[in-house]
Amino acid sequence: MELNSDFTKRALVHSEQIDWAASPMAGVERRMLDRIGGEVARATTIVRFAPGSAFSPHVHTGGEEFIVLDGVFQDEHGDFPAGTYVRNPPTSSHTPGSEEGCTIFVKLWQFDKDDRTQFRKLMADELGVPENGVSRAELHRDDREVVSYFSLEPEVDLVDTASGGIEILILDGGLVEGGVSLGKGAWLRLPDGEALRATAGLDGAKLWMKTGHLPFAQAPDV
């Protein structure tokens, strides 16, 4: 399967406007944003766990990173409340589920194959001092990418000219970018060479951002 797989083109999905699709596991549904591959795929997806649902134990051959959007995600490593950012590198494993139900934004098979750094962070706890209405937390940095969390005050501008592509997910509030309104759940991917120039809405905005990563995008090595 290929979905938004041309990384030289702009991609935009208003995720809250698309239907949930069943996954192979009962009680787990998803909204696909980009994908290369079948059930083993380089993928960016929003996944919803019904209360009491779980996936089978598995190893992250290509790595996994995710944000808990609502509810509490759970595995052998603990409970992960909304607002938690998690990186599970290649060779890590777990049995994910949720007693009360939860929704996560997850990216699979997008790690450096030699990365072994596993961690979790509450994104809001990492925020720096606001500057011109913009607060930023750097969640992760390596030779391939930079991952950040932003909190924007109402009607402030956010400009990023990073090379290697820019990807954002609106977590709360909204932005206007290129004349298009991006509300909660909107996912935008800009190709290498295209800058992000956006303005927060009247309620401000909170968003996740990844930059620099698109030159490394490829199908899983399986």
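What is the volume of the largest pocket? In this predicted model, the largest pocket has a volume of about 570 Å³. This briefing describes that pocket and then turns to the nonpolar cores, of which the largest has 19 residues.

**The largest pocket**

- A total of 28 residues line the largest pocket.
- The lining residues that lie nearest the centre of the pocket are E39, F55, H58, E64 and L108.
- Two or more lining residues come from each of strand 4 (28-37), strand 5 (41-49), strand 7 (58-59), strand 8 (64-75) and strand 13 (102-108).
- Strand 5 supplies the largest share of the lining, namely five residues.
- Sorted by class, the lining consists of 16 nonpolar, eight polar and four charged residues.

**The largest nonpolar core**

- Within the largest nonpolar core, the residues with the most contacts are L152, I168, L175, L196, L207 and M209.
- The elements that contribute two or more residues to this core are strand 16 (146-152), strand 18 (166-177), strand 20 (186-190) and strand 21 (196-211).
- Strand 21 gives the most to this core, with six residues.

**Contacts of I168**

- When neighbours within four places in sequence are left aside, I168 is in contact with L175, L182, A186, W187, L188, L196, L207, W208 and M209.
- Among these partners, L175, L196, L207 and M209 are also listed with I168 as having the most contacts inside the largest nonpolar core.

**A second core**

- A separate, second core has 17 residues, including A11, L33, W187 and W208.
- W187 and W208, which belong to this second core, are also in contact with I168.

How values were computed
Residues are numbered from 1 along each chain as its sequence is written. This is a predicted model: local features need pLDDT of at least 70, side-chain atom pairs count only at pLDDT 80 or more; totals for chains, interfaces and linings use all residues. Side-chain values use heavy atoms; hydrogens and water are left out. On a 1 Å grid over the protein atoms alone, a cavity is a set of points where a 1.4 Å probe fits but cannot get out, and a pocket is an open set with protein on both sides within 12 Å along at least five of seven lines; lining residues have an atom within 4 Å of a point. Grid points are joined across faces, edges and corners, and a volume is the space filled by probe spheres set on the points. Helices (H or I, at least four residues) and strands (E, at least two) are DSSP runs, numbered from the N terminus. Ala, Val, Leu, Ile, Met, Phe, Trp, Tyr, Cys and Pro count as nonpolar, Asp, Glu, Lys and Arg as charged, and the others, Gly among them, as polar. A nonpolar core is a set of buried Ala, Val, Leu, Ile, Met, Phe, Trp, Tyr and Cys residues joined through side-chain atoms within 4.5 Å. Buried means under 20% relative accessible area, exposed over 50%, partly exposed in between (1.4 Å probe, protein chains only). Contact means heavy atoms within 4.5 Å.
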